[in-house]
Amino acid sequence: MGKPTGYLEYQRRPSPCRPPQARLGDWREFCLPMPDQELREQAARCMDCGVPFCHGGVVFGGAPAGCPLHNLIPEWNDMVYRGFWREAYQRLTITNDFPEFTSRVCPALCEGSCTGGLYGEAVTIQAIERAISERAFASGWVWCEPPVHRTRKRVAVVGSGPAGLACANQLNQLGHSVTVFEQADRPGGLLMYGIPNMKLDKAFVLRRVRLMREQGVVFQTNTRVGDDYPVKLLEREFDAIVLACGARQPRELSVPGREAQGVHLAVDYLTASTKAILAGATPAISARGLHVVVIGGGDTGTDCVATCLRQGCRSVIQLEIMPARPKVRSPENPWPQWPQLDRPGYGQTEAVRVFGQDQRHFCQQTQAILTDGDGNVRAVQSVQVGPRPMAGSVQEWPADLVLLAMGFSGPESRLLDQLGLARDQRGNVPAEFFATSLPGVFAAGDVKRGQSLVAWAIAEGRAAAQACHRYLTGE
Amino acid sequence: MTGEYLVQAQEIQIKIAQGAKPGEGGQLPGRKVYPWIAKVRHSIPGVELISPPPHHDIYSIEDLAQLIYDLKKANPQARISVKLVSAAGVGTIAAGVAKGKADVILISGYDGGTGASPRTSIRHAGLPWELGLAETHQTLVLNNLRDRVVLETDGKLLTGRDVAIAALLGAQEFGFATAPLIALGCVMMRVCNLDTCPVGIATQNPKLRQRFRGDPQYVQNLMQFIAMEMREIMAQLGVRTVSEMIGRTDLLQQRPDLPGKAKGVDLQRLLSQIRPAAGHYCQVSQPGEPGLDERRLLDLCRPALERGEQIKVMLPIRNTDRAVGTGLGSAITRRGSSLPDDTIQLEFVGSAGQSFAAFVPGGVTMKLFGDANDYLGKGLSGGRVIVRPPAKATFVAEENIIVGNVAFYGATGGEAFIRGVAGERFCVRNSGVRVVVEGVGDHGCEYMTGGLVVVLGPTGRNFAAGMSGGIAYVLDEEGNFARRCNQALVDLGPITDDGEQVRELVQKHVQATDSQVGKRVLENWHELLPRFVRVIPRDYRRMLDAINKAQAGGLSGDQALMAAFTANFRDAAHLDAS
C-alpha cells in the first residue's frame, strides 16, 4: 500500500475500451491499455488489507471469493504504484504462468472480493495485471529459460487449454520432458478457439506457445489421443500422463427441431469464426445477413453475439432461461462472494449500440425450433418461465441461425473410457490431490472439476504438475 | 481525565497493561487527533498523543491502592476495575489488587486487541487468558479474597464455549470486543492507525464515518447466540446458574485424543480444585473508608453546595487524611453546576496525606500551610491549590521539598502555587493546569500535553521527556538547564513575547504564598526575563502557528481549529516524520 489514502483520493476507472462503432469493424481486441499515470493512481487505491480476500481463492457459502491462483495482488499493486514494474512482474509470475491470458479473459474474482468494493468500488486489479504482463513482454523480461537439468522423465499432457499449458510449463521447468497433445490444428484449447479474437488476440496465445516450444515443450497438434494416438502407446511411451482435456461435452437442447439446418453449437461456430480469421478466409458458419438467435446468456453467448455483429448479422436475439440478475448485490450474495450482478458484456453493449436496445430476453425457455419445408430453421419458439411455464406466453423469434451456448455438461467420455478411469456422477474424473484412480495418471482443470474459469484451470494445472512431479521423483 | 468524566462512570478501569501488547503503551497519531478528539483528550488537534506504558503514579501495589482509593472518592458509585494481563505470577498481583480494594479484577489474554497492537506484539507477546485466569482464581480462593472481587476475563472470547470455560476456570464476567466489532462491520484491515478505515469504525473522519453500516441489533444478535450456546453447555453440565459454575474445574478435563506435542501438555495445575473457605465468587463488596471529606468537609460545605453560599473554613490536617477534597469535589460535580471562583475556600494546617486536592473542580480553593505527600492535585479539574510553609517555619522555602512526588499528575485544569520544591515527576501528563513552583525533581513535565508550568528554580534531569503539548518556563539562573532537559520532542528558547503571562502568574504566586523567590523575580524582572527558558514541543508549536494563521485568515473557534488540522494533515514534512 504505497498510499494509505489512495482509495479516498482516486476514483475507480475501468479499463478503457474502443467505442463499439469503431471496434465492430474489425476483430482486434476491444480493450485498450491504460496510461501509466492512471495505472499508478488505480494501483494506489489498493489498501493492502490486513485480511485480504482478493487472493483468497476460497469458497464462502457455495460462492467463490478471490483469485484461485492466489496472485499476490496487494504486493504488485504497491510495486506498480511505486513504479517497480519489473519487480511487479516477478511477483506476478510466482503464482501465475500466463498473466496475459487471465488479465484478458478472467471475470476477475479478485475484484469481486476486493475490500474496496465493500462500500465503494474495487481496485482495477485486472487492468493492472494486464499492464504488468504486457510491459514485461514489451521490455524483454520474458525470455526463453529452458531448465538447466533434465530428469529424463517423459510426461504426456492431453489437452493444451489453460490447464494443460500451465501443467506443461511447470513440469518442463522442473526438468521433465513434456509432450502436449492437442486435437485441433493449433494449441490453446478454448483459449484458441473458444474465446474470440477481440477478447484474447490469438497472437498472444501463439506467442506463449512459441515461448514454451523454445523452452523444450513438444506440441503435437491434430492428434486426438485415443483415436490418432493409441492409449496403449501413450501408457508405454510416457512415465506419467496428465489429463487436461477439458469438459467439452456441450449441454444439449432436447427440443423438436434441434436437428434443423442452421442450428449450431456455439463452440463450433466460434471455432469456425476464429479459424477463418486466422486463415483470412470466409467462415464455414457465418451470420452475415441472417437473423440469429443465441440460446444461453453466459460468456459464450456474449462471444456469439459479438461475433455475429462483426460478421454482419441482420439481427441477434439472446434468450436466457434464468431471470435477469440484480443491479446491486442481494443480501443472499454478500461481500466477499463474487457478486452475481447483471453486467452486460461487451457483446451486449455492442448490440445495444447497433439495434438501439438490449437484445437479451430473460426467463425464456426454448420449446421448439421451427423449420420451413426444407428442414431449414425458421424460428425459435420459447415460453416465458417463472418457476413454471406461464400460459399464453409463447413467443416466436424469427431465426436463420440458432447458436446453442448453454455451457458444457462434462468431459468427453471416449478417451476416459479407453483409459478405464473412474468417473463421478457428473462424468468428471475424480482426482483428490490430482491423482486419478490410475497410478501415474493425473487430472487437472475442467476434466476434473467441470466447466470453470481459466484462473481455476491454471491453478489446477500448476498443482497437478506438482503432484505429478512428486510421483515421478518419489519425493 | 476530569472529575466530571469520572462522575459519569458506572465502572472505572485502571489499565495496568493490555493483553495483546503487555508492557506497551498506545499512540494516537497526530493525523487522527481531530479537533473534537483533542477536546475530550485535553490536547491540541493534530498533535500525536502518547499513552505511556508505565503509570507514572503507580510504582508499587500501594500506589495502586491509593489510586483505587482516590477513584472511589471521585465517584463513590462506580465500580473500580483493575486490568491485568495473563502472566506467570499474576495471581500474586491480583491478591494485592484485591487487598487494595478493587471491585473488579480483569485478566486479559493475548489474543484480542489486534487492531491497535503492533504485529510483533500480536505474534510474540502475551499468554492465553486461561493460564492467568486459573492462577488468579486459585490464588484468590487460597487467600480467602475471592468472595470480595469480581473476576472478569477477556482476550478474544468468541463463543458460548469460551464463556463456559472461562466461568469454570473462575471468571464471573466476560469481555468481548473483536467479535462485536466484526458484527458491526470491521473487516480487520489493520489500518486503525492510519485513519483510513474503509468501514468507518476506527476513524473520526466524517467522510469515512458515513461508510459505517453497523447496527446495535447485530451485536445484540451475536450476544444472544453466545448466551444461547452458553445455556446449552450449562444444560449439558447440569448447572442452573453461572454463579455455581465459577471455578468448577472438576467439570473440565483435558482432551486425551490430541496428537503430537499437544499430548505432552500437562494441564493439572490449571484444573486443580481448591475448596474455598470463603466464597468462590464475589459475594461481599469491598468495605469503604470514610475520609476527612465524609467526616467533616461535606457537612461544612453544604451551604455552598446547596445554595452557592461562600464558605471559608480552616481545619487541621494530618498525613492519614488522604484524598482530601476529592469527595467534596465529586459532590459538587455531581450536582452538575460549577461554582463561581473561590466559593469554597478551605485552609488546612499540617501535613496533608496523599492525593491532596485530587480531581477538585473549579470554585474550590485549597490552601495548605504545611507540606503535602505524593499525588498533590492529581487530576486537578479546575480547582486552585496553594501550598506554602507555615508562617513560623524557619527553613528556606525554595531550598526544601514541600510536596511529594507525582504532583498534578494528569491534571486537566485549574491553578496551583507551590512555595517550595516539588518532588519527582512533577506535572506528568498535565494537560491544563497552570502552576508555579520553585524547583522540581527528575522527570518534570514528562508526557505533558497542555497547560503551563513556571519553574522558578532548578529542575532534575529528563525534564520534558515525551512532552507533546503545553509550555514550560524555567528560570535558569545557572545556565545549565539544557543539559537536564530531554530535547527529543521539545525546543528550548527565550521568551519571545513580553513575558506578561509569566509575570502575571508569578504575581499571583507571590500573592498566594508570600514567596521570597517570586518577589525577587518581580523586583528584577527585566534582568531575569532573559534567564527564562521556554520549553515548547515542536509539534505543538507547529499546530499553534497553524491555528494562529487560520485565525489571522478570519476564521474563529472550531473553524480555525479544523482549518489548522486540515493544513497540518497535508503537511508532507509532518507525515514523513511520523
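Trainee: Is A:Glu350 buried or exposed in this structure?
Mentor: Keep in mind that this is a predicted model. Buried means a relative accessible area under 20%. A:Glu350 has 0%, so it counts as buried.

Trainee: Which side chain does A:Glu350 meet in a salt bridge?
Mentor: Look for a basic partner with its nitrogen close enough to a carboxyl oxygen; the cut-off is 4 Å. Here the N to O distance is 2.8 Å. The partner is A:Arg310.

Trainee: And how many residues apart are A:Arg310 and A:Glu350?
Mentor: A:Arg310 sits in helix H15 of chain A, while A:Glu350 belongs to helix H16, residues 346–355 of chain A. The pair therefore links distant parts of the chain. In sequence, the separation is 40 residues.

Trainee: What is the relative accessibility of A:Arg310?
Mentor: This is the other half of the pair with A:Glu350. A:Arg310 counts as buried too, the limit being under 20%. Its value is 9%.

Trainee: Let's take H15(A) further. Which strands does that helix touch when it packs on the sheet?
Mentor: Helix H15 covers residues 299–311 of chain A. Its direction makes about 175 degrees with that of E10(A). The strands it touches in chain A are E9 (291–295), E10 (315–319) and E15.

Trainee: What is the strand order in that open sheet?
Mentor: There are five strands in chain A, and the pairing is parallel. In general, strands of a sheet pair through backbone hydrogen bonds. The order reads E8-E15-E9-E10-E11.

Trainee: Which strands stand at the edges?
Mentor: An edge strand here has a single partner strand, so one of its sides is left without a neighbour in the sheet. In chain A that describes E8 (263–265) and E11 (360–361).

Trainee: Which residue is the bridge partner of A:His264 in E15(A)?
Mentor: E8(A) and strand E15, residues 401–404 of chain A, run parallel and are joined by three bridges. In E15(A), the partner of A:His264 is A:Leu403.

Trainee: Moving to helix packing, how far apart are the axes of H10(A) and H19(A)?
Mentor: H10 spans residues 162–173 of chain A and H19 spans residues 454–473 of chain A. They pack at an angle of about 35 degrees, and the crossing is right-handed. Their axes are 7 Å apart.

Trainee: How do the residues of that contact divide into nonpolar, polar and charged?
Mentor: H10(A) brings residues including A:Ala163, A:Ala166 and A:Leu171. Among those from H19(A) are A:Ile458, A:Gly461 and A:Arg462. The split is 11 nonpolar, four polar and one charged.

Trainee: Back to salt bridges: which residues are linked with A:Glu29 in a network?
Mentor: A search of the whole structure finds 55 salt bridges over all chains. The network is made of acidic and basic side chains. Linked with A:Glu29 are A:Arg104, A:Arg130, A:Glu134 and A:Arg207.

Trainee: Any odd backbone spots? What is omega for the bond from A:Trp335 to A:Pro336?
Mentor: Most peptide bonds are trans. The one from A:Trp335 to A:Pro336 is cis, and A:Pro336 is found in the loop between E10 and H16 of chain A. Its omega is near 5 degrees.

Trainee: And what is phi of A:Cys363?
Mentor: Most residues other than glycine have a negative phi. A:Cys363, in the loop between E11 and strand E12 (364–371) of chain A, has a positive value. A:Cys363 is buried, at 15% relative accessible area. Its phi is near 55 degrees.

How values were computed
Residues are numbered from 1 along each chain as its sequence is written. Chains are lettered from A and ligands numbered from 1 in the order in which they are written. This is a predicted model: local features need pLDDT of at least 70, side-chain atom pairs count only at pLDDT 80 or more; totals for chains, interfaces and linings use all residues. Side-chain values use heavy atoms; hydrogens and water are left out. Two strands pair if DSSP finds at least two bridges between them. Helices (H or I, at least four residues) and strands (E, at least two) are DSSP runs, numbered from the N terminus. Contact means heavy atoms within 4.5 Å. Axes are lines fitted to C-alpha atoms, for helices over the stretch in contact, and angles run from 0 to 180 degrees between N-to-C directions. A crossing is left-handed if the near helix is turned anticlockwise from the far one by less than a right angle, and right-handed if clockwise. Ala, Val, Leu, Ile, Met, Phe, Trp, Tyr, Cys and Pro count as nonpolar, Asp, Glu, Lys and Arg as charged, and the others, Gly among them, as polar. Buried means under 20% relative accessible area, exposed over 50%, partly exposed in between (1.4 Å probe, protein chains only).
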